[in-house]
Structure formats: C-alpha cells, structure tokens
Amino acid sequence: MSGPKSSYYDITKEMKRLLKEQRREEERRRREEEKRRREEERRRREEKARQDRIKKADAAIDKAFENFSSAVEENKNISAPKNNFDAAKFLNQLEMLANNSRLSAALLEKVEQTKINFENIFDPTYKKNFAALNIAPLVKECGEYLKISEEIAALEIDYKILCEMAGETAMPFEISAENISKMKTEINHLREKIAADDEKNYINKCLDEVMAEMGYNVIGSREVTKKSGKHFKSEIFTYSDGTAVNVTASDDGKIVMELCGLDEVDRTPNFSESEQLCQDMENFCKDFGEIEKRLAEKGVVLRQKIQRLPPNVEYAQILNVSDYELKGAVENFRTKRHHEKISRYRSNRNE
C-alpha cells in the first residue's frame with residue numbers, strides 16, 4: 001500500500017487535558033494584565049473627574065459669595081418655612097450620579113437635566129413631589145444600569161482576551177440585560193474554537209516534528225480557503241531528488257499524504273516517470289507506518305482511516321511547485337530523470 005493516504009487524527013485525553021491547562025493559564029495571565037490596564041484607566045478617569053469637580057466647586061463657591069450679600073438682604077425678614085423634606089439628600093444623590101463615569105452618556109445627560117430642574121424649583125411641595133416622581137426612579141434606573149454594567153465589564157474582559165487568543169475581532173456590546181446572555185454564549189463559542197484550533201495546531205506541529213526527525217524537510221507550503229469557507233494547509237517535504245511528500249491538513253483533522261514528482265508547470269507524468277513514482281510509493285509505504293507510530297508517541301492517534309490506496313501508476317502525479325511558497329530552489333522531477341538518461345548515455349559511450 002502506498003497510494004494517497006487519507007486519515008482523521010485526534011489527540012489523546014491526556015494531551016487534551018494538558019492543552020486545556022495551558023489555555024487556562026494563558027487566559028489567567030491575560031485576564032490579570034487586562035484588569036491591571038483597566039484599573040489604571042479607571043484611576044486616571046477618577047482623577048480627572050475629581051479635578052473637574054474641584055474646579056466646578058470652586059466656581060460655585062465664587063458665585064455663591066457674589067450673591068451672598070444680596071440674598072441675605074432680601075431674605076432677612078422672611079422666616080424659613082417649616083418643612084421636613086430633605087432636598088439636600090436628593091441633590092447629593094444627583095451629584096454623585098453626575099460624577100459617575102460608568103454611567104452612559106444618555107443617563108448622565110438625564111441626571112444633569114434632572115439636577116437643573118430640581119434646583120430651579122422653589123416651591124417646597126412641588127420640590128418634594130418632583131423628587132418622588134423623578135429623582136427616586138432615576139436613582140433606581142442608574143443603580144440597575146451600574147449593576148448590569150459591572151457584569152458586562154467582567155464578561156468583557158474574558159470576551160476581549162478570548163477574541164485575541166482566537167485571532168478574531170472583538171465586537172462592541174451595549175450594556176443591557178439581554179447582552180449578558182449573548183456575551184456568555186459568545187465566550188463559550190470562542191473557548192470551543194480555541195480548543196479546536198489548539199488541537200489542530202498540535203497535530204500539525206507533531207507531524208512536522210516527526211517528518212523532520214525522519215529526515216523530511218519542508219521545502220514549500222501554501223494555505224487555501226475554499227468558497228465554502230473550508231480551510232486547507234499544504235506542505236511539501238523532500239523525499240528524494242525531484243520527489244516530495246505532499247501533506248494536506250484540513251480544519252476538521254483530516255490529513256492526506258501523497259508522494260509526487262515536482263515541476264514548475266501543470267502536467268501529467270509520462271509512462272517512465274509514472275513507473276518511477278510507483279516505486280517511490282512502495283518505499284514511502286515503509287516510512288508511513290513509522291510516521292504514525294511516532295505520532296502516537298506524541299499523543300496524536302488515528303481516529304478514522306479514510307483511504308489507504310496501494311502503489312499504482314494511476315496515482316502518479318506531478319505537483320506544480322509554483323503554487324507554493326518555497327523556502328529555496330527545488331529540483332524538478334524530470335530534471336532528475338534527464339540527468340539519469342545522460343549518465344546512462346555517457347556510460348554506454350565509454351564502454
């Protein structure tokens with residue numbers, strides 16, 4: 001046997017466990033870095049807000065002193081109305097919300113407008129009713145928003161670092177209760193994708209290592225994404241002068257190995273080339289068993305055999321290396337045969 005060989009490979013449970021631990025550690029490291037970064041940003045925002053509040057308070061104090069004398073004069077003969085309503089408490093709540101950088105722009109604008117309206121009410125009864133009908137519900141609304149915002153912020157850290165690990169672009173999520181469940185679903189999806197990519201990459205890495213251990217060197221590679229979205233990676237490994245083993249791996253774990261001749265054009269091998277390639281297939285058959293044995297030692301095991309075709313001239317093919325990104329000069333298969341023909345001619349002539 002040694003025509004094209006197609007198989008699905010998987011990794012052992014122990015190797016899956018080790019990769020999972022590595023991912024968890026990487027997540028933990030990135031999460032701590034992201035938390036530190038966000039904490040520094042929060043401190044900068046709070047310091048800026050504090051400075052803004054100081055400036056605002058200074059301006060308010062100056063204005064109060066300007067109007068203090070006239071206000072006293074106007075109200076010196078007026079007795080303060082008896083009222084148990086604590087307007088300062090509600091004004092303080094609005095001030096605290098107005099300085100909370102975690103609130104949305106829309107809520108901050110609403111808080112600011114409510115504060116202005118409240119300060120412009122002078123009738124005690126109307127002021128009390130306004131606080132009950134407008135300020136209390138607004139405080140509750142902001143509290144609910146901040147609670148959801150805190151949960152979104154925690155999920156956002158995991159979502160961001162997982163997008164980075166998966167090589168995907170993080171999408172913005174608005175702060176809403178519905179988006180909490182959406183983010184959790186997306187986080188689970190990303191973890192599954194990263195796990196699948198890790199296992200696929202580990203299999204490909206082990207295959208490259210085994211091929212190198214057995215004397216096969218990578219001389220070219222290419223990646224192809226079909227219109228369907230299916231992705232393939234192909235590598236060509238040197239076998240003998242002018243021939244190579246073409247290894248194609250797809251995202252679903254399928255790996256195809258086939259021995260072929262090399263050229264820089266698309267063509268079919270002639271009869272003598274096909275016979276020679278068939279002989280090389282038989283030789284590669286012995287190596288293939290050793291390849292799978294060494295893969296198993298690294299935790300990469302056969303999941304399903306798809307195709308194990310015997311050596312046959314009908315499987316002989318020439319691979320166009322111009323479709324690949326090459327690491328150096330590559331000898332063409334026909335060049336090797338041409339050299340052999342010249343050698344035989346010279347040998348016969350000398351005899």
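How many salt bridges does the structure hold? The structure holds 37 salt bridges, and we will visit several of them along the way. Please keep in mind that this is a predicted model.

Let us begin with the whole chain. The protein chain is built with 7 helices and 8 strands. It has 351 residues, and 33% of them count as buried. The accessible surface of the chain comes to about 22100 Å², and carbon and sulfur atoms account for 50% of that surface. When we look at contacts between residues at least 6 apart in sequence, 71% join residues at least 24 apart.

Now to the interior. The largest nonpolar core has 29 residues, and the members that touch the most others are Met-257 and Ile-291. Several elements each supply at least two residues of this core: strands S1 (5-11), S4 (243-250) and S5 (254-263), together with helices H1 (13-75), H5 (177-213) and H6 (271-297). Another core, of 16 residues, lies apart from this one, and Leu-94, Leu-103, Leu-138 and Leu-146 are among its members. Back in the largest core, take a look at Ile-291. Leaving aside neighbours within four places in sequence, Ile-291 is in contact with Leu-207, Val-210, Met-211, Met-214, Met-257 and Phe-284. That list includes Met-257, the residue named beside Ile-291 for touching the most other core members.

Strand S4 is a good place to pause. How many of the residues of S4 are buried? The strand is mostly covered, with 8 of its 8 residues buried. Both of its faces are covered: one side carries Thr-243, Val-245, Val-247 and Ala-249, the other carries Ala-244, Asn-246, Thr-248 and Ser-250, and all of these are buried.

S4 also has partners. With strand S3 (residues 231-240), S4 pairs in the antiparallel sense over 8 bridges. With S5, S4 again pairs in the antiparallel sense, this time over 7 bridges. Val-247 of S4 lets us follow both pairings: Glu-235 stands opposite Val-247, and Val-247 stands opposite Met-257 in S5. The turns are worth a look too. The hairpin of S3 and S4 has 2 residues between the strands, and Gly-242 there takes a positive phi near 85°. The hairpin of S4 and S5 has 3 residues between the strands, and there Gly-253 takes a positive phi near 95°.

One residue of S4 deserves a closer visit: Thr-248. Is Thr-248 buried or exposed? Buried means under 20% relative accessible area, and Thr-248 counts as buried because its relative accessibility is 18%. Its side chain is joined to the side chain of Ser-234 by a polar contact of 2.9 Å. Leaving aside neighbours within four places in sequence, Thr-248 is in contact with Phe-232, Lys-233, Ser-234, Lys-254, Ile-255 and Val-256.

Finally, let us return to the salt bridges. Side chains of opposite charge can pair when their charged atoms come close. One such pair is Arg-23 and Asp-198, whose side chains meet in a salt bridge (3.2 Å, N to O). Arg-23 belongs to helix H1 and Asp-198 to helix H5, so this pair ties together parts that are 175 residues apart in sequence. Arg-23 counts as buried, at 12% relative accessibility, whereas Asp-198 counts as partly exposed, at 24%.

A second salt bridge joins the side chains of Glu-164 and Arg-30 (3.5 Å, N to O). Because Glu-164 lies in helix H4 (residues 124-166) and Arg-30 in helix H1, the pair ties together parts that are 134 residues apart in sequence. Glu-164 counts as partly exposed, at 41% relative accessibility, and Arg-30 is partly exposed too, with a relative accessible area of 22%.

A third salt bridge is formed by the side chains of Glu-95 and Lys-115 (3.4 Å, N to O). This pair links helix H2 (residues 87-98), home of Glu-95, with helix H3 (residues 105-119), home of Lys-115, and the two residues are 20 apart. Glu-95 counts as partly exposed, at 27% relative accessibility, while Lys-115 is buried, with a relative accessible area of 6%. Elsewhere, salt bridges that share partners join Glu-26, Arg-29, Arg-30, Glu-33, Glu-34, Arg-37, Arg-38, Glu-41, Glu-156, Lys-160 and Glu-164 into one network.

Notes:
Residues are numbered from 1 along each chain as its sequence is written. This is a predicted model: local features need pLDDT of at least 70, side-chain atom pairs count only at pLDDT 80 or more; totals for chains, interfaces and linings use all residues. Side-chain values use heavy atoms; hydrogens and water are left out. A nonpolar core is a set of buried Ala, Val, Leu, Ile, Met, Phe, Trp, Tyr and Cys residues joined through side-chain atoms within 4.5 Å. Buried means under 20% relative accessible area, exposed over 50%, partly exposed in between (1.4 Å probe, protein chains only). Helices (H or I, at least four residues) and strands (E, at least two) are DSSP runs, numbered from the N terminus. Contact means heavy atoms within 4.5 Å. A polar contact is a pair of N or O atoms within 3.5 Å; within protein, one must be able to donate a hydrogen and the other to accept it, and residues adjacent in sequence count only if both atoms are side-chain atoms. Accessible areas come from the Shrake-Rupley method with a 1.4 Å probe; for residues, only the protein chains shown count as cover. Two strands pair if DSSP finds at least two bridges between them. A salt bridge is a side-chain nitrogen of Lys or Arg within 4 Å of a carboxyl oxygen of Asp or Glu.
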